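Got your viewer open? Load the model below and we'll walk through it one selection at a time.

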Amino acid sequence: MAWLADLVMGLGAGSWTVLSAANRQRLTPGPMMGRVTSAHRVLARGLVPLGAALAEPVAEATSERAVIVGAAVLTAAVALAAAPRPWRLRSG
């Protein structure tokens with residue numbers, strides 16, 4: 001089961017990386033590309049240690065399961081917030 005979960009997460013993470021980079025490049029003006037990409041990397045990689053630092057006290061106060069469920073809920077909320085809305089899409 002863990003291998004299957006790791007496979008699904010790997011496929012999802014890989015797909016997200018490619019699709020978000022393509023979308024960011026499509027929407028960002030050329031002169032701003034370097035700044036937008038570097039800001040994205042700072043935020044994406046900088047939040048990982050912050051999340052790890054927050055996970056330990058939460059796990060000690062509650063349980064490891066609560067941390068995992070909380071991370072899953074937060075991930076789903078961000079994915080839903082970032083998902084394209086059908087009414088916002090325009091054919092071009």
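**Start with everything**

Select all 92 residues of the protein: buried ones make up 3% of them (buried means under 20% relative accessible area, exposed over 50%, partly exposed in between, with a 1.4 Å probe and protein chains only). Keep in mind that this is a predicted model, where local features need pLDDT of at least 70 and side-chain atom pairs count only at pLDDT 80 or more, while totals for chains, interfaces and linings use all residues. Residues are numbered from 1 along each chain as its sequence is written, and side-chain values use heavy atoms, without hydrogens or water.

Now switch to the C-alpha trace: along its principal axes, the span is about 50 × 25 × 25 Å.

Next, try a cartoon view. You'll find three helices and zero strands, in the order α-α-α along the sequence (helices are DSSP runs of H or I with at least four residues, strands are runs of E with at least two, and both are numbered from the N terminus).

**Zoom in on helix α1**

Select residues 2-27, which form helix α1, and pick out Leu7 within that helix. Is Leu7 buried or partly exposed? Leu7 counts as partly exposed because its relative accessibility is 48%.

**Turn on the surface**

Colour carbon and sulfur atoms: 71% of the accessible surface of about 8000 Å² belongs to them (areas come from the Shrake-Rupley method with a 1.4 Å probe; for residues, only the protein chains shown count as cover).
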